[in-house]
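Colleague: I am new to reading protein models, and I would like to learn how to read a few features step by step. Could we go through one together?

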Amino acid sequence: MGVKTALTTLMTLSILMGVSGCTSQTNQQSLITTQQIAPQDHNSMMNHLYVLQKIAQENASNRAVGTLGGQATAKYILDEAKKAGLHAQMLPFENRKKQVGQNIIVEIQAQSKDTAIIIGAHYDSVPMGPGINDNGSGVAVLLELMHTYAKLKPKHTLYLAFWDSEEEGIGGSSEFASKLSPSQLKGIQAYVNVDMVGTKNPTIQIADGDQSSIQDMENMLKQRGMAESDYKPLLDSLRNIPFHRDDLALENHLKTFFKARGLEVKEDVSTLTASDTAPFLGKVPVASLILFNEQMKGDELEFAPCYHKACDTIDQVDPKSLQLAYDAVKDLIQHLNQ
Ligand SMILES: [Zn+2]
């Protein structure tokens, strides 16, 4: 998850106004309890995170793009793909700071080559920390999906996209998306982004496919007496974010998944331009899953404890959150393959 000024301003605003689902009361409703999720695969996902943490420890405490920690992370993903008997494509690129990044695309072939589902997560950290929740957690979920689907032949080709340089200009996914041809774009049934999904006591945030949350936010701010001139420019910028007519179907499916588990979700558009969903918006149907635990730290908004800090270690990760994210994405893939 990267930072966006307009986004943080808006989120700060909504938190101060009590609009966001981050007050302690709403948080209580979305707490994931052990009763709701049976422990299954989460130990192997935690093992991936231990490895990523060790990589950071041995490489200047981070796994940022263009660093030894970043390269060691890429090697770990490649080794895992090899273990699963899958071919991984390495796609090098240069980001806006002229650092060399490497996207890693693992393909699980389907009955038809013309249609595809892409599940994406960035594997780079910020230079300030090891990035275990942001976004080792997304990487762990993708690796687990990779091992699950390695020996299956799904209806649509499944691409697991491990992006580099998200924290530096959303570099990797932008590079990849810019090279997709119109016919490739047409065949993509969904791009699903997985970012910061290990958060403890999370608010489950999914992409708002029909921008309904913007209207809700406007109504709330109006009701609370905020002047229109204070919020209109920000809300207008959110309304200008492109969307695809099939985003809503993906949103509804995820909503149903979480509702069946008694969990509340927050629909959101403000985070979509701050992660690897950005380059796919409006081009293909997009879904996104982020688990936040937002709080104000002085004047600053923290999306989750230790966000972009040296303390974003495995201690910040709840295996139950990882398992929930894995289950949700797997359920969506299965649904799309029906
Ligand atoms: Zn981030």
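Modeller: What follows is a short walk through a metal site, a buried side chain, a helix and a disulfide, and you should keep in mind from the start that this is a predicted model.

Colleague: Let us begin with the metal site: which protein atoms are the donors of the zinc ion?

Modeller: One reads a metal site by listing the atoms that lie close enough to count as donors, and here these are the O of M1, an OD atom of D134, two OE entries from E167 and the NE2 of H308, at 1.8 to 2.7 Å from the zinc ion. Along the sequence, the donor residues follow the spacing M-x132-D-x32-E-x140-H. D134 and E167 link distant parts of the chain, being 33 residues apart, with D134 in helix 5 (residues 132–149) and E167 in the loop between strand 4 (156–163) and helix 6 (171–178).

Colleague: Are D134 and E167 buried or exposed?

Modeller: Both D134 and E167 are buried.

Colleague: Helix 5 also holds N135, so what does the side chain of N135 reach?

Modeller: The side chain of N135 comes to 3.0 Å from the backbone oxygen of V194. Its relative accessible area is 0%, and because buried means under 20%, N135 counts as buried. Beyond its neighbours within four places in sequence, N135 is in contact with several residues, among them A121, H122 and D195.

Colleague: How does one check the length of a helix, taking helix 8 as the case?

Modeller: One compares the expected span with the distance between the end C-alpha atoms: the 12 residues of helix 8 (residues 212–223), at 1.5 Å a residue, should span 16 Å, and the ends are 17 Å apart, which agrees.

Colleague: Which residues of helix 8 are buried?

Modeller: In helix 8 the residues S213, I214, M217, E218 and L221 are buried. They cover an arc of only 140° around the axis, and therefore they sit on the same side of helix 8. After helix 8 comes G225, which has a positive phi, near 85°.

Colleague: Finally, what is a disulfide, and where is one found here?

Modeller: In general, a disulfide is a covalent bond between the sulfur atoms of two cysteines. In this model C306 is joined to C311, with the sulfur atoms 2.1 Å apart, and because the torsion about their S-S bond is about -105°, the disulfide is left-handed. C306 counts as buried at 12% relative accessibility, whereas C311, with a relative accessible area of 33%, is partly exposed.

Methods:
Residues numbered from 1 in each chain as written. Predicted model: local features only at pLDDT ≥ 70, side-chain atom pairs only at ≥ 80, totals over all residues. Heavy atoms only, no water. Donors = N, O, S within 2.8 Å, 3.2 Å for Na, K, Ca; no water. Helix = DSSP H or I, 4+ residues; strand = E, 2+ residues; numbered from the N terminus. Buried < 20%, exposed > 50% of the residue type's maximum accessible area, 1.4 Å probe, protein only. Expected span 1.5 Å × (residues − 1). Arc of directions from axis to C-beta. Disulfide = S-S within 2.5 Å. Polar contact = N/O pair within 3.5 Å; in protein donor to acceptor, adjacent residues only side chain to side chain. Contact = heavy atoms within 4.5 Å.
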